[in-house]
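User: Hi! Could you walk me through the ligand sites in this one? I'd like to set up a few calculations.
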Amino acid sequence: MHPIPIMPQPSNQEIKEQQDQHPLVFDASLLRHQLHIPSQFVWPDEEKACLDEPDLPVPFIDLGGFLSGDPLAATEASRLVGEACQKHGFFLVVNHGIQHQLISDAHLYMDHFFSLPLSHKQRAQRMPGEHCGYASSFTGRFSSKLPWKETLSFQYSPRNNSPTLVKDYLCDKMGKEFEQFGNVYQDYCEAMSNLSLGIMELLGLSLGVGRAYFREFFEENNSIMRLNYYPTCQKPDLTLGTGPHCDPTSLTILHQDQVGGLQVCVDNEWHSIKPDVNAFVVNVGDTFMALSNGRYKSCLHRAVVNSETTRKSLAFFLCPRSDKVVSPPCELVDKLSPRLYPDFTWPMLLEFTQKHYRADMKTLEAFTNWLQRKSTHSNISNHIK
Ligand SMILES: C=C1C[C@]23C[C@H]1CC[C@H]2[C@]1(C)CCC[C@@](C)(C(=O)O)[C@H]1[C@@H]3C(=O)O
Ligand SMILES: O=C(O)CCC(=O)C(=O)O
Ligand SMILES: [Fe+2]
């Protein structure tokens, strides 16, 4: 019989020294057991989260009547949506028409993907400056306040442009055996895009620009789907799964699993959003805030992690087609409400968040200043020519 070699286990001090000397790799299968949290993952005191913020009692908006064409139900749903968007920019929807099976498949296939060994997931490695692909935390991208999460992101555009974009991307990166995996997310994105167009009708009604206005604006969208996977962490009060931010995108439709961890900031207080398997959390992002000329708020939120259970969320980020100019309809601009943001296109804001600025709670303000500086600069250079 051969003796089984027993590897001596490194002490926490040794782990700390090793990590301070070698480039950081977020391998969740190892890091989730470690008592020492590398300093790059430790958030400053003023941004540290409390894991059990009080639940926010938020009303569920029932979309059943609206989706089946009842005009009175549409008026009521748009009133509730409008109220929530003016106040804090997020709400929950139920009876949304998305098959329960599709949502549970989307969660199940996430488990398959993120349980793969790191090297296998890295076949889809996100490239510097790009927003799509697999990222194990953002170790090569940022050097501090790293998020305790792994993500897989991909682009989505509705059917007539590219009916198999999602599936083709995932199969191309991960191999042919990921065809079923690709089909699930292709279908999930299509369902999310349709749901978001319905919500755009409610937003249009509530803002008084008509039901069709934003639906048409977003009909051909260039959206992003992101799978967020938050491994357990031995010191969850030091870290954050996703730091405090407003989504730079237009509208986010999020499905969180039953673990809990999403928190939103309302009137300067953080609150937890209790998971509900039947509900989607919807939030306004910076691009829609600009489109509504500031009438609707881009919602400030974050995600915490815990020491017991891995958490998952599915985020669909609705974004305008690349060539659409983000400019509010004339009904939302007048003497009392002058233009708050300059015209821009989604690729300009996306590039800003991928190359110049890490998205946080001030992205839209920073982007506006950046655009204004750029335009002053180019006016000066044109003048000099
Ligand atoms: C366009 C995007 C950038 C981020 C992914 C989408 C929409 C939300 C952005 C993000 C989640 C905001 C918090 C910071 C961020 C770096 C993250 O923690 O993932 C952001 C995403 C990103 O830049 O990759
Ligand atoms: O995981 C969550 O609950 C929130 C994630 C999030 O805010 C994001 O991906 O933008
Ligand atoms: Fe977000």
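User: What classes of residue make up the shell around ligand 1?
Analyst: Happy to help! This is a predicted model. In it, the shell around ligand 1 is made of eight nonpolar, three polar and four charged residues.

User: And how many residues surround ligand 1, and which are closest?
Analyst: There are 15 residues around ligand 1, and the closest are Arg141, Lys149, Arg226, His245 and Gln354.

User: Cool. How far is the side chain of Arg226 from an oxygen atom of ligand 1?
Analyst: An N or O atom in the Arg226 side chain is 2.6 Å from a ligand 1 oxygen. Lys149 has a side-chain N or O atom 2.9 Å from an oxygen atom of ligand 1. For Gln354, a polar side-chain atom lies 3.1 Å from a ligand oxygen.

User: How much of the accessible area of ligand 1 does the protein cover?
Analyst: On its own, ligand 1 has 460 Å² of accessible area, and the protein covers 96% of this. The space that ligand 1 takes is the largest pocket.

User: Which elements give two or more residues to that shell around ligand 1?
Analyst: Those would be β5 (223-230), β6 (242-245) and α11 (346-356). The largest share is from α11, with three residues.

User: Switching to the metal now. What are the protein donors of the iron ion?
Analyst: The iron ion is ligand 3, and its protein donors are His245 through NE2, Asp247 through OD and His301 through NE2. They lie 2.1 to 2.2 Å from the iron.

User: What spacing do the donors follow along the chain?
Analyst: The spacing is H-x1-D-x53-H. Asp247 is in the loop between β6 and β7 (251-256), while His301 belongs to strand β11 (residues 301-303), so this pair ties together parts 54 residues apart in sequence.

User: Nice. Now ligand 2: which residues are around it?
Analyst: The residues around ligand 2 are Asn228, Tyr230, His245, Asp247, Leu254, Leu262, His301, Ala303, Arg311, Ser313 and Phe317. You'll recognise His245, Asp247 and His301 as the protein donors of the iron ion.

User: How about the classes in the shell around ligand 2?
Analyst: That shell divides into five nonpolar, four polar and two charged residues.

User: Which polar side-chain atoms come up against oxygen atoms of ligand 2, and at what distances?
Analyst: In Arg311, a side-chain N or O atom is 2.7 Å from a ligand 2 oxygen. For His301, the distance from a side-chain N or O atom to an oxygen of ligand 2 is 3.0 Å. A polar side-chain atom of His245 lies 3.2 Å from a ligand 2 oxygen.

User: What share of ligand 2 does the protein bury?
Analyst: Ligand 2 alone exposes 290 Å², and 97% of that is buried by the protein. Ligand 2 sits in the largest pocket.

User: Last one: which element gives the most to the shell around ligand 2?
Analyst: That's β12, with three residues. The elements giving two or more residues to this shell are β5, β11 and β12 (311-318).

Definitions and conventions
Residues are numbered from 1 along each chain as its sequence is written. Chains are lettered from A and ligands numbered from 1 in the order in which they are written. This is a predicted model: local features need pLDDT of at least 70, side-chain atom pairs count only at pLDDT 80 or more; totals for chains, interfaces and linings use all residues. Side-chain values use heavy atoms; hydrogens and water are left out. A residue is near a molecule or strand if one of its heavy atoms lies within 4 Å of it. A polar contact is a pair of N or O atoms within 3.5 Å; within protein, one must be able to donate a hydrogen and the other to accept it, and residues adjacent in sequence count only if both atoms are side-chain atoms. Accessible areas come from the Shrake-Rupley method with a 1.4 Å probe; for residues, only the protein chains shown count as cover. On a 1 Å grid over the protein atoms alone, a cavity is a set of points where a 1.4 Å probe fits but cannot get out, and a pocket is an open set with protein on both sides within 12 Å along at least five of seven lines; lining residues have an atom within 4 Å of a point. A molecule sits in a cavity or pocket if more than half of its atoms lie within 2 Å of its grid points. Helices (H or I, at least four residues) and strands (E, at least two) are DSSP runs, numbered from the N terminus. Ala, Val, Leu, Ile, Met, Phe, Trp, Tyr, Cys and Pro count as nonpolar, Asp, Glu, Lys and Arg as charged, and the others, Gly among them, as polar. Donors are N, O and S atoms within 2.8 Å of the metal (3.2 Å for Na, K and Ca); water is not among the atoms, so sites may look incomplete.
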